[in-house]
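Could you open the structure in your viewer and turn on the cartoon style? We will go from stop to stop, selecting a few residues each time and looking at what is there.

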Amino acid sequence: MRIRRIIQTITAIIGLTACITTHASTIDSLKQLLPKQEGQQLQKTYNILAREYAQQGFVSEALDIYNRLIDLDQQLGTEQHESNHRYNQLAVLYYYHQFDSLREAINEHKPWFEHHQKWEEYFYSWKLLADSYYMTGKIQTALRESEKMIEDAKQRDSDFGRSQALIEMGQIYMGMEQHDEAIEAYRRAIELLKNMDGENHNVCLAYLRMCESLDRKKDYQQEERVCAEWKKYLDSWASQSENGEEAIYSYYTD
């Protein structure tokens, strides 16, 4: 859940870069506050500043602020904040396609996630690693990373880890035009995710990509059945949500 919120926040920030310009005066104002603050208030200002830098595409500046946040987290003993900020660094590098730097950073942060048993961050960062290879055309390397990831998840008995590996494998298989394998990977991921609390968005991601693969395969009858199954899942989710269908409108329109 917390990682999904981080991803959505950073995706929204970067997605708005083309249409929203944050004036330099905003960053200057935030920087002027820093010497006057400490503790949680300083954390808050650093977080806003990092987002402002990321929005404008100032990647190195955003990463530097996250490093300062990590140091502050360690001073304050806020381990979960530190975990989030470590993952934020990876997410910024990923969304700006700085894949060489991303891989180096993962080598630093992934062992920390493992040591502190931050399994969401651990498996999400591994998924980013595999995806970085996929997006740079290193398909076999991406597939090997996904296979190693699923074996690691099996050893830890982590259904979440298995599901993320399967989603990544589905994407890789779809890119290779091996649609039967992709569809099966997404199906297995959905079965795992449906048994976990708070994974509605990941379930919908797997459904969406399964439908894309069925569409590319031109298996429209099966795609229609899967869409009906997905719609049933969304109806159930909406009935349990405070805002009903409004809260998940974008998935209905996919």
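## Start at the end of a helix

Select Asp157, which comes after helix α8 and has a positive phi, near 55 degrees. Keep in mind throughout the tour that this is a predicted model.

Now step back along the chain and select residues 139–156, which form α8. This helix has 18 residues and reaches 26 Å from its first C-alpha to its last, close to the 26 Å expected at 1.5 Å a residue.

Which residues of α8 are buried? Colour Ala142, Leu143, Glu145, Ser146, Met149, Ile150, Asp152 and Ala153 to see them. Here is a handy rule while you look: an α-helix has 3.6 residues a turn, so residues three or four places apart point the same way. To see what covers the buried residues of α8, show α7, α9 (159–175) and α10 (179–193), which are among the covering parts.

## Zoom out to the whole chain

Show the full cartoon again. The chain has 13 helices and 0 strands, and its pattern along the sequence is α-α-α-α-α-α-α-α-α-α-α-α-α. Of the 254 residues in the chain, 49% are buried. Consider also the contacts in the chain with a separation of 6 or more: residues 24 or more positions apart account for 57% of them.

## Helix α7 and its neighbour α6

Next, select residues 119–135, which are helix α7. Its 17 residues reach 24 Å from the first C-alpha to the last, close to the 24 Å expected at 1.5 Å a residue. How many residues of α7 are buried? The count is 14 of 17, so this helix is mostly covered. Just after α7 you will find Gly137, which has a positive phi, near 80 degrees.

Add residues 99–115, helix α6, in a second colour. Two packed helices are described by the angle between their axes and the distance between the axes. For α6 and α7, the angle is about 160 degrees and the axes are 9 Å apart. That makes α6 roughly antiparallel to α7, because angles over 145 degrees count as roughly antiparallel. The crossing of α6 with α7 is left-handed.

Now show side chains where the two helices meet. On the α6 side, select Phe99, Leu102, Arg103, Ile106, Lys110, Phe113 and Glu114. Their partners in α7 include Trp119, Tyr122, Trp126, Leu129 and Tyr133. By class, this contact of α6 with α7 has 11 nonpolar, 2 polar and 4 charged residues.

Stay with Arg103, which sits in helix α6. Is Arg103 buried or exposed? It counts as buried because its relative accessibility is 11%, and the cut-off for buried is under 20%. Leaving aside neighbours within four places in sequence, Arg103 is in contact with Leu129, Ser132, Tyr133, Thr136 and Lys138.

## Helices α4 and α5

Move to a second pair: select residues 59–76 for α4 and residues 79–95 for α5. Their axes are 9 Å apart, and the helices pack at an angle of about 170 degrees. α4 and α5 are therefore roughly antiparallel to each other, and their crossing is left-handed.

Where do they meet? Residues of α4 in this contact include Val59, Leu63, Tyr66 and Ile70, while those of α5 include His81, Glu82, His85 and Val92. The residues of the contact of α4 with α5 divide into 7 nonpolar, 6 polar and 3 charged.

Click on Glu82, which lies in helix α5. Glu82 is buried, with a relative accessible area of 5%. Apart from neighbours within four places in sequence, its contacts are Ile70, Asp73, Gln74 and Trp112.

## Two loop stops

Follow the chain into the loop between α5 and α6 and select His97. Although it is not a glycine, His97 has a positive phi of about 60 degrees.

For the last stop, jump to Lys218, in the loop between α11 (200–217) and α12 (220–240). Lys218 is not a glycine either, and its phi is positive, at about 65 degrees. Is Lys218 buried or exposed? It counts as exposed, because its relative accessibility is 61%.

Key
Residues numbered from 1 in each chain as written. Predicted model: local features only at pLDDT ≥ 70, side-chain atom pairs only at ≥ 80, totals over all residues. Heavy atoms only, no water. Axes fitted to C-alpha atoms, helices over the stretch in contact; angles between N-to-C directions. Helix = DSSP H or I, 4+ residues; strand = E, 2+ residues; numbered from the N terminus. Parallel < 35°, antiparallel > 145°, perpendicular 65-115°, else oblique. Left-handed = near helix turned anticlockwise from the far one by under 90°. Contact = heavy atoms within 4.5 Å. Nonpolar A, V, L, I, M, F, W, Y, C, P; charged D, E, K, R; others polar. Expected span 1.5 Å × (residues − 1). Buried < 20%, exposed > 50% of the residue type's maximum accessible area, 1.4 Å probe, protein only.
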